[in-house]
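User: Please take a close look at one part of this model, the aromatic residues that gather in its interior, and set that part in the context of the whole fold. I would like a connected account, with the criteria stated as you go.

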Amino acid sequence: MNSIIVGAIVYLRDEKGRILLQRRRSGLFKGYVGLPGGKIEFGEDIVDAALRELREETGLKGFQASASGVYSEVNFDSQTMSNHFVLFVIRAGGYEGDLLEATPEGQNFWIHEEDIGSLDRVLPDLFFVLDEINRAPFVASLRRYNEGNQTYVVTSDGRRYPKQR
């Protein structure tokens with residue numbers, strides 16, 4: 001693939017402080033857990049795109065949303081560049097509606113941040129976003145390495161996610 005995919009992901013917490021996540025059902029990251037989101041359509045506002053994706057993928061209508069950051073992620077499979085994403089992180093201040101637990105895009109669920117590490121197959125950039133969201137605005141460059149069953153990202157300043165234990 002020789003193009004850059006531009007997308008938006010949504011960071012949303014419920015009244016219990018839990019974060020909304022999605023286990024992908026298909027596509028490049030099938031089986032992985034991350035924030036809901038998707039591609040920005042040509043001419044679409046980044047916040048509108050994120051809220052559209054949230055509604056389509058989860059049934060929730062987000063509001064009081066704004067951009068918190070953006071990052072570029074270049075992916076490598078066995079040291080060969082495989083794809084390149086630019087993702088806008090949109091923080092929604094609230095929502096209305098009932099969560100659709102299962103949609104064609106994935107399995108949606110709320111989880112406390114401290115429990116995310118116990119999940120299997122978590123997209124490594126999720127850990128990066130969780131570190132950066134309260135330092136908004138942020139701009140970053142990541143490299144994602146997929147090596148067998150292990151996947152991780154490294155920031156341009158050398159931080160690795162998930163953090164090694």
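Analyst: Tyr71 is a suitable place to begin, since this residue is buried, at a relative accessible area of 1% (buried means under 20%, exposed over 50% and partly exposed in between, with a 1.4 Å probe and protein chains only). The model is a predicted one, in which local features need pLDDT of at least 70 and side-chain atom pairs count only at pLDDT 80 or more, while totals for chains, interfaces and linings use all residues. Numbering starts from 1 along each chain as its sequence is written, and side-chain values rest on heavy atoms, with hydrogens and water left out.

There are 7 aromatic pairs in the structure, where rings of Phe, Tyr and Trp (its six-membered ring) pair if their centres lie within 6.5 Å, with planes under 30 degrees apart counted as stacked, over 60 as edge-to-face and the rest as tilted. In one of them, the ring centres of Tyr71 and Phe128 are 5.5 Å apart and the planes meet at 70°, so this pair is edge-to-face. Because Tyr71 belongs to strand E5 and Phe128 to helix H2, the pair ties together parts that are 57 residues apart in sequence; helices (H or I, at least four residues) and strands (E, at least two) are DSSP runs numbered from the N terminus.

Phe128 is itself buried, with a relative accessible area of 0%, and it forms another edge-to-face pair with Phe138, at 5.8 Å centre to centre and 85° between the planes. Here the partners lie in helix H2 and strand E8, so the pair ties together parts that are 10 residues apart in sequence. Phe138 also counts as buried, at 5% relative accessibility, and Tyr71, Phe128, Phe138 and Tyr161 form one aromatic cluster.

The surroundings of Phe128 fit this picture, as 7 of the 9 residues of H2 are buried, so the helix is largely enclosed by the rest of the structure. Those buried residues are Pro124, Asp125, Leu126, Phe128, Val129, Leu130 and Glu132.

The two strands that carry Tyr71 and Phe138 are themselves neighbours: E5 (residues 61-77) and E8 (residues 138-147) run parallel and are joined by 9 bridges, with Asn75 standing opposite Arg144 in E8. Helix H2 (residues 124-132) packs on the sheet, where it touches (contact means heavy atoms within 4.5 Å) E1, E5, E6, E8, strand E9 (150-155) and E10, and its direction makes about 155° with that of E8. Such angles run from 0 to 180 degrees between N-to-C directions, along lines fitted to C-alpha atoms, for helices over the stretch in contact.

The sheet is open and has 7 strands in the order E4-E1-E6-E5-E8-E9-E10, with mixed pairing, two strands being paired if DSSP finds at least two bridges between them. At its edges stand E4 (37-39) and E10 (160-161), each with a single partner strand, so one side of each is left without a neighbour in the sheet.

For the protein as a whole, there are 2 helices and 10 strands, which run β-β-β-β-α-β-β-β-α-β-β-β from the N terminus on. Buried residues make up 48% of its 165 residues, and 66% of the contacts with a separation of 6 or more link residues 24 or more positions apart. The C-alpha atoms fill a box of roughly 45 × 40 × 30 Å along the principal axes.
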